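Colleague: Put the model up, please, and I'll fire questions at you as we go.

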Amino acid sequence: MMTVNLSFWEKEAFFKAVDVLIIGSGIVGLNAAIAIKERKPRYKVIVLERGVLPIGASTRNAGFACFGSMTELLDDLSNQTADQVWALVEKRWRGLQRLRERLGDDPIQYRPWGGYELFRPEEKATYEACQDQMEHFNQALSSITGLARTFHNRDEDLTTFGFSGVEHLIHNQGEGQIHTGKMMAQLLALARDRGVEVYNGMEVAAVEEGGSGISVHLKNKWQLQADQVVVATNGFAAQLFPELAVKPARNQVLITRPIPGLKIKGTFHYDRGFFYFRNVNDRLLLGGGRCLDIVGEETDVFGFTSLIQNNLEELLKSVIAPDTPFVVDQWWSGIMGVGQQKVPILERLGPHLSVAVRLGGMGVAIGAQTGEEAAKLALDG
Ligand SMILES: Cc1cc2nc3c(=O)[nH]c(=O)nc-3n(C[C@H](O)[C@H](O)[C@H](O)COP(=O)(O)OP(=O)(O)OC[C@H]3O[C@@H](n4cnc5c(N)ncnc54)[C@H](O)[C@@H]3O)c2cc1C
């Protein structure tokens, strides 16, 4: 860790008169920075990121452009009002459209291939509940997605995909997939193009509000001042603000080497959404399994466990690609920010301080909008 003091020149040229300082360069932090620059082009907006790249969830997710599977929505309806649930779905849907408008479908490799939910024989009751609600859900969704039938049964695709031990498939026409890395590279390029200054290797150790401004203390002992600070550190938020109701949730992910003739195409939710997989061109990406060790995975430390790795590999072998030889090419993990509620924490903690964290498992969908709302908080209070 470099602990050299900032020189007068460095302070003057890089860190003087900062209007808004954003902590975290994930999808939320970058969208907030872009939105601020669009409203206030002359503002000095800087983003501090502790990683060489944004290393949290935004560059490490599965790239599902999703807004809720049928079982997820059923589950949400059991603990929230219908109005709350459809409002959240609408927010996700609009967020996805916003992201696509901002960055363009080609640069982020958006593919409108739809998503599937898999049902095993032991999930008969849940599947039947989905059948009972399908028409109602489609009606409620038609004004959001513009699709007459967002959800429909597609058991006929089971043979094409070659799954084993799966009895039913429900297809979601509105779901898509993106190239996560390209989305973030585009977002960074857009932020820089708008005049946002992004500094990497800058880990914030503490934030301190004073009378007329706010001080940000870095791990390297630098101290910076700004008029407004926005905290966009998601699953790591409790490191700076332990009182926030957000917990880290690690997810482990694998990708196979290219599989010649791979038939699986689209995004897939398995076992109530605890596992997810998709094709990435002719590779398979599979992640999840937090349900196997909820307590152990409530961590903000990147890493792997043999319990989850073995389970994911076994799922590939026995259910997803039972007749297809594959080789795992790479593993990685990412850290989500979760809580009891599925909505982000978007609030002011003081006259100069706002937070926009707890994006849960659908940050691709709500990240752009959450960033824009964080910008509003910072500019308008
Ligand atoms: C494996 C995985 C799969 C997922 N799949 C999907 C999916 O398919 N679809 C979907 O919609 N969502 C998915 N998600 C969720 C989605 O990725 C997140 O909701 C979203 O990326 C959150 O964005 P963020 O900007 O809030 O947080 P992050 O991307 O985590 O950004 C926070 C940033 O803050 C930085 N930071 C933290 N502490 C400090 C500090 N003290 N100082 C400076 N910088 C700091 C971190 O390095 C990080 O770059 C997935 C998440 C994971 C982990």
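Colleague: Let's start with a loop residue: how many C-beta neighbours does R272 have inside 10 Å?

Modeller: A heads-up: this is a predicted model, where local features need pLDDT of at least 70 and side-chain atom pairs count only at pLDDT 80 or more, while totals for chains, interfaces and linings use all residues. Numbering runs from 1 along each chain as its sequence is written. Burial goes by other C-beta atoms (placed from the backbone) within 10 Å of a residue's own: 20 or more is buried, 12 or fewer exposed, and in between partly exposed. R272 counts as partly exposed, and its number of C-beta neighbours inside 10 Å is 16.

Colleague: And which loop holds R272?

Modeller: Phi of R272 is near 60°, a positive value in a residue other than glycine. Strands here are DSSP runs of E with at least two residues, helices are runs of H or I with at least four, and both are numbered from the N terminus. By that count, R272 is in the loop between β13 (267-270) and β14 (275-280).

Colleague: A17 has a positive phi too; is A17 buried or exposed?

Modeller: A17 isn't a glycine, yet its phi is about 50°. It sits in the loop between α1 (8-14) and β1 (18-23). With 10 C-beta neighbours inside 10 Å, A17 is classed as exposed.

Colleague: Which residues does G114 touch, leaving out those up to four places away in sequence?

Modeller: G114 lies in the loop between α4 (82-103) and β4 (115-119), and it is partly exposed, with 19 other C-beta atoms within 10 Å. A contact needs the two C-beta atoms, placed from the backbone, to lie within 7 Å. With that cut-off, G114 touches H171, N172, Q173, E175 and G266.

Colleague: How far apart are the end C-alpha atoms of α10?

Modeller: Helix α10 covers residues 363-380, and 14 of its 18 residues are buried. The expected span is 1.5 Å times one less than the number of residues, which puts α10 at 26 Å. That agrees with the distance between its end C-alpha atoms, 24 Å.

Colleague: Where does the largest nonpolar core lie relative to the two domains?

Modeller: A nonpolar core is a set of buried Ala, Val, Leu, Ile, Met, Phe, Trp, Tyr and Cys residues joined through C-beta atoms within 7 Å. The largest one has 102 residues, and V229 is among those with the most contacts inside it. Domain bounds come from an automatic or database assignment: domain 1 is 8-59 + 182-245 + 341-380 and domain 2 is 112-174 + 246-338. Both give residues to this core, so it lies between them.

Colleague: How many residues of domain 2 are in contact with domain 1?

Modeller: The C-alpha centres of the two domains are 32 Å apart. On the domain 1 side, 15 residues take part. The number on the domain 2 side is nine.

Colleague: Last one: what is the radius of gyration of the protein?

Modeller: There are 10 helices and 18 strands. For 381 residues the globule rule (2.2 Å times the number of residues to the power 0.38) gives 21 Å. The protein is as compact as a globular protein of that length, because its radius of gyration is close to that figure, at 22 Å.
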